[in-house]
There are 4 protein chains.
Amino acid sequence: MLEEMKERVCDGNIALAEHDLVIFTWGNLSEIDFDKRVVGIKPSGVSFQELEPKDIVLLDLEGRVLEGSKRSSSDTPTHLEIYRNFPEVKAIVHTHSTHATAFAQAMKEIECFGTTHADHFYGSVPVTRKLKAEEIVNDYEANTGKVIVECLKEKGIDPLEVPACLVANHGPFVFGESAEKAVENAVVLEQVARMNLETLKTNSGVKPIDSALLDKHFLRKHGKNAYYGQPKSQGD
Amino acid sequence: MLEEMKERVCDGNIALAEHDLVIFTWGNLSEIDFDKRVVGIKPSGVSFQELEPKDIVLLDLEGRVLEGSKRSSSDTPTHLEIYRNFPEVKAIVHTHSTHATAFAQAMKEIECFGTTHADHFYGSVPVTRKLKAEEIVNDYEANTGKVIVECLKEKGIDPLEVPACLVANHGPFVFGESAEKAVENAVVLEQVARMNLETLKTNSGVKPIDSALLDKHFLRKHGKNAYYGQPKSQGD
Amino acid sequence: MLEEMKERVCDGNIALAEHDLVIFTWGNLSEIDFDKRVVGIKPSGVSFQELEPKDIVLLDLEGRVLEGSKRSSSDTPTHLEIYRNFPEVKAIVHTHSTHATAFAQAMKEIECFGTTHADHFYGSVPVTRKLKAEEIVNDYEANTGKVIVECLKEKGIDPLEVPACLVANHGPFVFGESAEKAVENAVVLEQVARMNLETLKTNSGVKPIDSALLDKHFLRKHGKNAYYGQPKSQGD
Amino acid sequence: MLEEMKERVCDGNIALAEHDLVIFTWGNLSEIDFDKRVVGIKPSGVSFQELEPKDIVLLDLEGRVLEGSKRSSSDTPTHLEIYRNFPEVKAIVHTHSTHATAFAQAMKEIECFGTTHADHFYGSVPVTRKLKAEEIVNDYEANTGKVIVECLKEKGIDPLEVPACLVANHGPFVFGESAEKAVENAVVLEQVARMNLETLKTNSGVKPIDSALLDKHFLRKHGKNAYYGQPKSQGD
């Protein structure tokens, strides 16, 4: 079971590079087995090209290493903070993908301008407040997790309904109910951010879509009345 | 014959992915045999990589399934509405391609700024009005088709002369006299939208081209006096 | 000798597609043997993927076909007009490459903002005037050549020193002392146009570079005092 | 040892092309063995595709050729000027990469808008003053090196802490403690420049990040208290 987790975490990290979301050693993906209270995460500073399942570091929710000879991603405390607060989140992706990072650097929410966004994110993708100097100097990575949690809770966001949060001056953290889904959401986030910017260039006065359209698109793909895709019984 | 249609529809859908117009399961292509009153369309939520001719769903013009075990694209009612109103349209493509979608999200027509556009679209590519809340809540996909039909008819547009329509807040639907031609038009639409945006960045006051130039370029490639390409008798 | 010309013209046309300067059947390359008064050019509407040397059409400078069973590019009269007026031009490329076409559509010169431009183009890349309605209706393609010639002559431009001209509302025509060089110039033109636009976004008040820098970069690569690259005797 | 240097310099130059930082013969990489006082550099005007270790030219710090039958890069005097002034710089890359060059052409610093930048560059990437006409006419390439040195010294920049400098109207020169690191810094510089431009489009009033965040990200990867990546003893 944990061998399978290491394979999924390894595959998911490699997928980030294949989707051109990360270069060099930037970015990482983790997955949690909440029942076993085990998190699997990318080791720090290892290139995606060289990554193997045996490199994946396993930790408990307090950050104690359970298995693995390498140092875990420097962003590990950020992931753990999110998992501890949102048990529904089963996987987390962090990238510096170009357009999502531009919004994070600009400290602007990604507003919902169309159905591509609404199909995957149930409203604006939020941006955290900036960290204070003292939050940066001590426990920076844990505090990064804390401002994400604070941002989502203050806005009442369900991290599986709006499965991404931009950290101000930094970049996106993306969530999913599985490693595969978190990767997909990270790909979509980058594309939605890119189209959002192009939309603003075409019409700087554009407004977010109406709530009826947002509801329609998000809910036809998610939740109990979804009718997009094949019925689950078909194994699709 | 219908086996050939399923192959063409499958190939056309795969071509959308190869031309980078779609990612994941976004987008779809259908074709109609108007004499037989049969429409072939992509199944819902199936990835382009895994698509096979046997997956293509065959329906009549009222949406009754004639053949196929999978659920058809959730956009099926949109396609059928267009086919019912424009018998000259033999194939329809829907994508969320980046720049065409930006115009749809911005609710701006794609004006004709040059001969690349004029070679394929005989004037501005229109954008529909927004759907009303009640049109979204009930029969959303059929109503999407209805606003496309309304838009084209109000503007007196022949969907083979201007073979695309942007749905507000959503993305492009593209038409063709064949599946292959509809794919080509979708590729050109994306490129024309991209160049249109770059043109506006270079000169925000640019005006559409003169009608003489629009006529020249469209009509040297289309209609009975066309002289672009090889004579048809050469099989080119 | 003419077989070699057909191979070079075929290779040059294929190179346009490989460099992502053309899609589908857009664009074309021709070469002239001025002594023999023979022009080789791409056939009309044939895809770059399928092009073979035997498809290349050979014509004289008045446009009479000397060899080849296919119809020559619809832009043939444009090429011939340029060759008749500028005997130093040995090859011509026409593309609808994205950023160069954006400048043509915007009817803006591509000013020289840096040494990349100055290494290949000895000053601004000019844009023609718009064609008049009567020039479009009759002999459109020949008149396109005439406005290019008019533009270069009025500005006193040597087409090997500034080896490109943007046709208003249309796209670039690019020149070279050989087919290979014309392709290279077309690649550089697109990159220079792209960087020019990014430069303007970074600083909308940017000015063209000083003439001393323009002279230095152009003349260290071109003309009798060039010192860039390997000495010719080394066959480099 | 010098054979190994020629291999590293050859590989580094080829990597520039593989990372899409250079096209044709634009750009070059050199490395220095400061103890032996030998610099290895790309030959002038040779394409990256054809480059072999035996083509690399070896020179002393005064520019006298020690080994190699080809003419060295025309930018050689620029590289030597930098090496003579900054012994800590062990490798130099010069490219015309799209977005970094746009900033150089626009004569704008690349300000630090996020942690991607801060992970690699400890503050703004500076831009030199323009060269004067007399500096261009005589000893242009050496004077290019001199304005880089002047720029870094006036601003008190350590070229391994901010390992790049934009030459006004020209493009970036990038530094590293090894050839491999200089290539990496050139890739990151282009990506940071691209994200910087997208950030400004999203929010034209964005400010550089706080010094606490800059310190945190740069110093967790560089210097004696770095904790990013694997411990050196692990050979990672």
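This passage looks at how the chains of a predicted model meet, and then at a few aromatic and charged residues.

Chain A has two partners to consider, and the contact with chain B is a convenient place to start. That contact draws on 34 residues from chain A and 33 residues from chain B. Put together, chain A and chain B bury about 3,000 Å² between them, with carbon and sulfur atoms giving 53% of that area. On the chain A side, the residues that lose the most area to chain B are T202(A), Y228(A) and Q230(A), and together they make up 17% of what that side buries.

Charged and polar pairs also cross from chain A to chain B. Three salt bridges turn up across this interface. A salt bridge joins D210(A) to K130(B), with the closest N and O atoms 3.5 Å apart. As for polar contacts, eight residue pairs are counted between chain A and chain B, both residues being at pLDDT 80 or more. Turning to secondary structure, the elements that put two or more residues into the side of chain A that touches chain B are α4 (115-118), α7 (179-202) and α8 (211-221) of chain A. Of these, α7(A) gives the most, with 11 residues. Sorted by class, this side of chain A holds 11 nonpolar, 14 polar and nine charged residues.

The other partner of chain A is chain D. Here the contact takes 33 residues from chain A and 34 residues from chain D. The area buried between chain A and chain D comes to about 3,000 Å², and 53% of it lies on carbon and sulfur atoms. In chain A, the residues losing the most area to chain D are W26(A), R71(A) and Q105(A), which together account for 21% of what that side buries.

Three salt bridges are found across the interface of chain A and chain D. E141(A) pairs with R220(D) in a salt bridge, and the closest N and O atoms there are 2.6 Å apart. Polar contacts between chain A and chain D number eight residue pairs, again with both residues at pLDDT 80 or more. On the side of chain A that touches chain D, at least two residues each come from α3 (98-106), α5 (133-137), α6 (140-154) and α7 of chain A. The top contributor to that side is α3(A), with seven residues. Its make-up by class is 13 nonpolar, 13 polar and seven charged residues.

Not every pair of chains meets. Chain A and chain C share no contact, and their closest C-alpha atoms lie 12 Å apart. Chain B and chain D likewise have no contact joining them, with their closest C-alpha atoms 12 Å apart.

Moving on to aromatic residues, a search of the whole structure picks out five aromatic pairs over all chains. In chain B, the rings of Y122(B) and F218(B) have centres 4.6 Å apart and planes at 5°, so the pair counts as stacked. Y122(B) sits in the loop between α4 (115-118) and α5 (133-137) of chain B, while F218(B) is in helix α8 (residues 211-221) of chain B, so the pair ties together parts that lie 96 residues apart in sequence. Y122(B) is partly exposed, with a relative accessible area of 24%, whereas F218(B) is buried at 3% relative accessibility.

Chain C has a pair of its own, Y122(C) and F218(C), whose ring centres are 4.6 Å apart and whose planes are at 5°, so this pair is stacked. Y122(C) belongs to the loop between α4 (115-118) and α5 (133-137) of chain C and F218(C) to helix α8 (residues 211-221) of chain C, so the pair links parts 96 residues apart in sequence. Y122(C) counts as partly exposed at 25% relative accessibility, and F218(C) is buried, with a relative accessible area of 2%.

Helix α8 of chain C also carries R220(C). This arginine counts as buried because its relative accessibility is 4%, which is under the 20% cut-off. Leaving aside residues up to four places away in sequence, R220(C) touches D215(C), A226(C), Y227(C) and Y228(C), along with S74(D), D75(D), Y140(D) and E141(D).

Technical notes
Residues are numbered from 1 along each chain as its sequence is written. Chains are lettered from A and ligands numbered from 1 in the order in which they are written. This is a predicted model: local features need pLDDT of at least 70, side-chain atom pairs count only at pLDDT 80 or more; totals for chains, interfaces and linings use all residues. Side-chain values use heavy atoms; hydrogens and water are left out. Contact means heavy atoms within 4.5 Å. Buried area is the accessible area (1.4 Å probe) that two parts lose on being put together, summed over both. A salt bridge is a side-chain nitrogen of Lys or Arg within 4 Å of a carboxyl oxygen of Asp or Glu. A polar contact is a pair of N or O atoms within 3.5 Å; within protein, one must be able to donate a hydrogen and the other to accept it, and residues adjacent in sequence count only if both atoms are side-chain atoms. Helices (H or I, at least four residues) and strands (E, at least two) are DSSP runs, numbered from the N terminus. Ala, Val, Leu, Ile, Met, Phe, Trp, Tyr, Cys and Pro count as nonpolar, Asp, Glu, Lys and Arg as charged, and the others, Gly among them, as polar. Rings of Phe, Tyr and Trp (its six-membered ring) pair if their centres lie within 6.5 Å; planes under 30 degrees apart count as stacked, over 60 as edge-to-face and the rest as tilted. Buried means under 20% relative accessible area, exposed over 50%, partly exposed in between (1.4 Å probe, protein chains only).
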